[in-house]
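The exercises below concern the pockets of a protein model and a helix that contributes to one of them. Work through each task with the structure open before reading its solution.

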Amino acid sequence: MFLWSPAPAQEWLEAYPLGNGRLGAMVHGTPGHEHLQLNDGTAWSGSPGSEGSNSRIDPDRAAAALAAARAALDAGDPASADRRLREVQGGWSQAYLPFADLRVAVATGGEQVEEYRRELDLATATHRVTYRLGGAGLRWTTFVSHADGVLVLALDADEPVDVTWSLSSPLHVTGRTDDGLAVRLPSDMPPPHEPDLEPVWDEPALLGAVVVRTNVVEGGRRFELVLATATTFAGIGCAPRGDAFRAASERADRALGLGLPALTERHEKAFAEKFSRTTLTLGGAAPDRPTADRIGTDPQLAALLFGYGRYLAISSSAPGGLPSTLQGLWNDNMRPPWSSNYTINVNTQMNYWAAETADLGETLEPLIDLLEALADKGRATARTLYGARGWVAHHNTDAWAFTAPVGRGHADPSWSFWPMGGVWLTWLLHERLRFGGAGLDRIVPILRGAAAFCLDWLRDDGSTSPSTSPENHYLANGVPVAAGRSSTMDLTLIARLFDAYAGIAPPGDPIAAEIRAVPAPEPSADGLIPEWRDNPPQAEPGHRHLSHLTFAYPGDTPDDPALRAAVSRSLDDRADESTGWSLAWKLALRARLREPEAVSRLLDLVLRPAPAGREGQRGGLYPNLFAAHPPFQIDGNLGYVAAVAEMLVQSHSGMIDLLPAVPGQWPSGRATGLVARPGVAVDVAWETVDGRVTATEIALRARRPAGRTTVTVRLDGRRAEVDLSDGRRVVLDPRSLEIR
């Protein structure tokens with residue numbers, strides 16, 4: 001569980017990431033001139049008033065535009081519907097921003113660098129760099145504490161050395177002291193795809209601070225640095241408050257008072273408790289080659305990438321912080337791609353698909369916080385734009401719980417008009433309950449409001465109109481258009497929400513009483529799953545989104561042979577090649593279909609080098625194993641973890657299926673701590689004998705025992721009922737499935 005390199009990072013995508021869900025760092029390992037690019041998870045442009053100032057949509061105009069778009073669709077004129085939907089667009093959501101840069105310089109007797117190595121230890125979330133500089137041996141150790149909320153850097157040298165450090169920031173620096181700096185964030189940062197708009201700095205916005213404390217001991221041979229950040233961010237959608245400099249100073253002083261040995265022990269214990277729950281090892285020894293050199297050449301890299309994905313999830317999303325953005329916790333760009341915000345037509349959802357199956361349930365807490373804020377702010381949007389009850393959110397949101405459609409009146413409705421973003425986010429909450437998670441009292445009102453909106457959005461005949469399928473188009477009279485009727489994803493999401501809410505609603509709930517049946521997906525005459533129920537001709541057969549297949553994954557892949565065959569053919573129709581996160585989704589779908597040969601093909605695409613250019617739709621891995629969209633998006637890394645879990649353990653069908661889609665590149669291996677519904681930890685090992693994957697170890701344990709817990713296990717067509725009462729670990733004989 002190491003990433004390592006024999007050379008320092010020459011660019012950001014070669015640096016290694018550290019993070020604790022709030023404070024992030026990209027460590028470059030530059031000899032004699034260490035550079036750490038810093039992020040604070042609460043460092044966002046804007047304020048709670050940003051949406052109101054840039055996204056005012058006249059309710060009467062919106063109602064007229066929606067009615068006209070619906071009428072145009074009924075009349076067979078979707079191009080006119082597209083034009084009218086541009087009238088239901090606000091402005092833009094805000095951006096997640098870089099925070100500061102720390103540079104540490106060390107002077108020795110020379111400049112020659114020898115014996116260089118830098119590494120990221122995933123098991124302890126620690127970065128290390130060793131080398132000789134001018135003959136002096138230097139050892140750098142850096143971590144971002146998961147227990148005490150600070151960055152810790154220690155330098156050990158063979159001889160006394162002079163060390164200096166400095167701070168800078170791409171934000172507006174409003175003050176400096178000997179041990180830190182104060183910054184102000186922009187009150188507005190438009191996305192890069194709105195090039196005519198400029199950032200705004202002269203209005204009230206978040207304030208921030210970064211503070212450093214240092215200590216030199218052992219006669220100048222050891223340098224210790226503790227760094228803390230803070231902002232006046234007070235909660236999702238809340239008005240800023242507090243003294244950032246004081247908060248950062250207090251956190252740094254408290255950490256320094258503990259001392260480095262205690263800080264190290266507390267950090268490693270806190271991180272290991274989460275990281276060690278789930279493991280994946282593949283047979284054979286991993287080659288002792290630099291990590292970047294293994295990309296595209298080493299099947300063993302698949303296990304490292306699984307561990308790395310869990311590492312990134314833990315490091316970028318933690319209780320009390322904000323959810324993972326498009327880039328997780330790490331961003332060095334003041335106008336990052338797509339604002340590095342929350343794109344909720346798939347990307348944010350994918351960030352959390354592995355939260356349950358890879359035993360990372362607490363990483364979901366920030367997303368629940370965001371959903372509560374969206375459910376609050378989205379009520380006004382639902383009422384104003386749609387005259388509907390409940391709440392709504394669209395394609396984008398941010399730290400202020402932005403809920404309006406974006407686009408400024410000129411965006412393609414294929415992505416700007418999509419009132420199902422919030423509905424899809426609620427899917428993760430229902431899954432939390434299915435895996436035995438807590439929080440029903442928080443989940444019920446969120447789902448209730450989303451269901452109320454959907455009841456009002458559905459037409460009397462059970463259709464939705466106007467209806468888009470995220471970022472995709474179809475052909476009408478040979479012209480690509482986006483607006484249609486009843487996209488398969490709309491109906492899938494609404495049906496799943498209705499089922500979920502009906503199962504948890506309190507007795508006598510009036511919203512539950514209104515819930516009605518929604519048409520289920522069906523294969524079309526060509527054997528594919530249609531994107532819209534009218535099945536218009538495709539404009540982009542190889543489109544990266546797989547929205548029409550949501551019912552198959554992350555939904556419960558149906559047992560119906562005709563539907564499964566149609567899902568498989570639809571994946572063939574999309575083809576394998578795609579952007580990074582789409583490859584992860586295809587992996588999960590092929591795993592659900594029990595197609596290990598297709599899984600093997602897709603794995604090769606995931607594990608290849610990312611393209612040199614950062615455009616197009618060809619996924620792969622950058623030198624630091626960040627997944628390429630391109631550019632970098634963390635959903636490819638986190639979605640991969642979810643896909644691997646589905647290759648080895650599935651539980652959507654009401655039983656625990658073992659080893660359903662092991663790829664040929666993995667002739668033997670072992671996974672521990674994967675989680676199956678209704679909350680069962682699964683250990684499973686396998687080897688391939690005469691071309692057949694054979695289980696060699698099976699163990700199960702109920703994670704939250706409550707009375708009698710009985711599950712059905714299925715392997716190679718054989719089934720067994722297993723009693724997991726009282727949380728005991730039960731070992732099964734892989735040949736008979738009997739308890740040993």
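**Exercise 1.** In this predicted model, determine how many residues line the second largest pocket and which of them lie nearest its centre.

*Solution.* Begin with the lining, which comprises 17 residues, and then go to the centre of the second largest pocket, where Thr-492, Ala-495, Arg-496, Asp-499 and Phe-551 lie nearest. Next, assign the lining to secondary structure: helix H12 (421–434) and helix H14 (488–504) are the elements that give two or more residues, and H14 gives the most, with 5 residues. Finally, sort the lining of this pocket by residue class, which yields 10 nonpolar, 3 polar and 4 charged residues, around a volume of about 320 Å³.

**Exercise 2.** Compare the end-to-end reach of H14 with the expected span, and establish how many of its residues are buried.

*Solution.* Take the span from the first C-alpha to the last, which is 25 Å for the 17 residues of H14 and is close to the 24 Å expected at 1.5 Å a residue. Then apply the cut-off for burial, under 20% relative accessible area; 13 of the 17 residues of H14 are buried, and the helix is therefore mostly covered.

**Exercise 3.** Describe the largest pocket by its volume, the residues nearest its centre and the classes of its lining.

*Solution.* The volume of the largest pocket is about 520 Å³. Its lining consists of 33 residues, with His-193, Trp-338, His-395, Glu-471 and Arg-544 nearest the centre. Divided by class, the lining of the largest pocket holds 9 nonpolar, 18 polar and 6 charged residues.

Definitions and conventions:
Residues are numbered from 1 along each chain as its sequence is written. This is a predicted model: local features need pLDDT of at least 70, side-chain atom pairs count only at pLDDT 80 or more; totals for chains, interfaces and linings use all residues. Side-chain values use heavy atoms; hydrogens and water are left out. On a 1 Å grid over the protein atoms alone, a cavity is a set of points where a 1.4 Å probe fits but cannot get out, and a pocket is an open set with protein on both sides within 12 Å along at least five of seven lines; lining residues have an atom within 4 Å of a point. Grid points are joined across faces, edges and corners, and a volume is the space filled by probe spheres set on the points. Ala, Val, Leu, Ile, Met, Phe, Trp, Tyr, Cys and Pro count as nonpolar, Asp, Glu, Lys and Arg as charged, and the others, Gly among them, as polar. Helices (H or I, at least four residues) and strands (E, at least two) are DSSP runs, numbered from the N terminus. The expected span of a helix is 1.5 Å times one less than its number of residues. Buried means under 20% relative accessible area, exposed over 50%, partly exposed in between (1.4 Å probe, protein chains only).
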